[in-house]
Amino acid sequence: MSGSTGAVAEVPSRERDGRGVVRALRSVAWPDLARLAELDAELFADDAWSEATWWAELAGRPRRDYVVAVDASGEVLGYAGVDLAGEVADVMTVAVVPAARGTGLGDRLVGWLVARAEESGAEALLLEVRADNAPARRLYARHGFAELSVRRRYYQPGDVDAVIMRKLLSQKGTDRG
Ligand SMILES: CC(C)(COP(=O)(O)OP(=O)(O)OC[C@H]1O[C@@H](n2cnc3c(N)ncnc32)[C@H](O)[C@@H]1OP(=O)(O)O)[C@@H](O)C(=O)NCCC(=O)NCCS
C-alpha cells in the first residue's frame, strides 16, 4: 500500500443536516480516544471497546482508518472505522449517538466506509451485525450490502446470531501499486 488516500481523505468535510446543524467528518486523533471509549460503553454495552483497544486500533493505521463526526463545538456525534487489509476490507465499527440518529449521519458514515474501501482497492467490504439490530441492517441494505451468512449465537450473552453482510465494490483503487 502506498498510503495514498486520494479524494476520500479530504476530511474534515462539513455539511448541514436537515435541522441546519453543522457537522464535520474528520480523522480520529489520540485525544478523541477517551470520549470514544465512553461512547462505546453507552452504545455497544457487552461489545464495547476499552480505551486500550481504541489506542491499539489507532496504532493500526494506515491499515485501519477511523473518522469521527463532530458538531460545531467539537462534540462527537458519531464515528466509523474500517480495516483495509487487501482484497477484502472489513467494517470495524459504526455508531451515531442517540440524539443525532435519524438525520442521515449513519448514512454518511457508511458512505465514507464504502468510499474508503473502494479507494483502497478492495474488491468487497464485509461486516457483521447483530441479527436483532434492525436499524443497522436497514442502513447497510440501503448501501447495497447483501446477507452472506449467519453465525449462530455469536454474540454472548444473549445467544444472538451475527449476520455477515457483504458489498461488492467497484475498483477505484489508488492505494494499490
Ligand atoms: C445503526 C445506526 C448507526 C444508524 O444511525 P443513524 O444516524 O440513525 O442512521 P440514518 O439517520 O442514516 O438512518 C436511520 C433512519 O433515519 C432515516 N432518516 C435519514 N435521514 C433522515 C431525515 N433527514 N429525516 C428523517 N429520517 C431520516 C433513514 O431513512 C433511516 O430510516 P430506517 O431506519 O427506517 O431505514 C445507529 O442506530 C447506531 O449507532 N446504533 C447503535 C450502534 C450500532 O448498532 N451500530 C452498528 C453496529 S453493526
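Arg-153 lies in strand S7, which spans residues 146–155. In this predicted model, Arg-153 has a positive phi of about 50 degrees, although it is not a glycine. Most residues other than glycine have a negative phi. Arg-153 is also exposed, because 10 other C-beta atoms lie within 10 Å, and a residue counts as exposed at 12 or fewer. Ala-45 has a positive phi too, of about 45 degrees, and is not a glycine either. Ala-45 sits in the loop between helix H1 (33–44) and H2. Ala-45 has 9 C-beta neighbours inside 10 Å, so it counts as exposed.

Two cis peptide bonds were then examined. Most peptide bonds are trans. The bond that joins Arg-61 and Pro-62 is cis, with omega about 10 degrees. Pro-62 belongs to the loop between helix H2 (51–59) and strand S3 (64–71). The bond from Gln-156 to Pro-157 is cis as well, and its omega is near -5 degrees. Pro-157 is placed in the loop between strand S7 and strand S8 (160–168).

The overall fold comes next. The protein chain holds four helices and eight strands. Read from the N terminus, their order is β-β-α-α-β-β-β-α-β-α-β-β. The chain has 177 residues, and 32% of them count as buried. Among contacts between residues at least 6 apart in sequence, 55% join residues at least 24 apart.

Several strands pair with one another. Strand S4 (residues 76–84) and strand S5 (residues 88–96) run antiparallel and share seven bridges. One residue pair shows this arrangement: Tyr-79 has Ala-95 in S5 as its bridge partner. Three residues separate the two strands in this hairpin. Gly-86 takes a positive phi there, near 160 degrees.

S5 also pairs with strand S6 (residues 124–130), this time in the parallel sense and over three bridges. The chain leaves S5, passes through helix H3 (residues 105–120) and reaches S6. This β-α-β crossover is right-handed. Across the pairing of S5 and S6, Val-88 stands opposite Ala-124 in S6.

S6 pairs with S8 as well. These two strands are antiparallel and are joined over seven bridges. Here Leu-126 has Arg-166 in S8 as its bridge partner.

The side chains of S6 follow an alternating pattern. In a regular strand the side chains alternate between the two faces of the sheet. Along S6, Leu-125, Leu-127 and Val-129 point to one face and are buried. Ala-124, Leu-126, Glu-128 and Arg-130 point to the other face and are not buried. Two residues of this second group also appear in the bridges: Ala-124 is opposite Val-88, and Leu-126 is the partner of Arg-166.

The ligand was considered next. Its shell contains 18 residues. The closest are Val-96, Arg-101, Gly-104, Gly-106 and Asp-107. S5, H3 and helix H4 (134–142) are the elements that give two or more residues to this shell. H4 supplies the largest share, four residues. By type, the shell divides into nine nonpolar, six polar and three charged residues. S5 and H3 thus appear both around the ligand and along the chain path to S6.

Confidence in the model varies along the chain. The average pLDDT is 89, and 86% of the residues score at least 70. Residues 1–10 stay under 50. For this stretch the model has 13 contacts beyond four places in sequence.

Notes. Residues are numbered from 1 along each chain as its sequence is written. This is a predicted model: local features need pLDDT of at least 70, side-chain atom pairs count only at pLDDT 80 or more; totals for chains, interfaces and linings use all residues. A residue is buried if 20 or more other C-beta atoms lie within 10 Å of its own, exposed if 12 or fewer, and partly exposed in between; C-beta atoms are placed from the backbone. Two residues are in contact if their C-beta atoms, placed from the backbone, lie within 7 Å. Two strands pair if DSSP finds at least two bridges between them. A crossover is right-handed if, with the strands pointing away from the viewer, the path from the first strand over the helix to the second runs clockwise. A residue is near a molecule or strand if its C-beta atom, placed from the backbone, lies within 6 Å of it. Ala, Val, Leu, Ile, Met, Phe, Trp, Tyr, Cys and Pro count as nonpolar, Asp, Glu, Lys and Arg as charged, and the others, Gly among them, as polar. pLDDT is the predictor's confidence in each residue, from 0 to 100.
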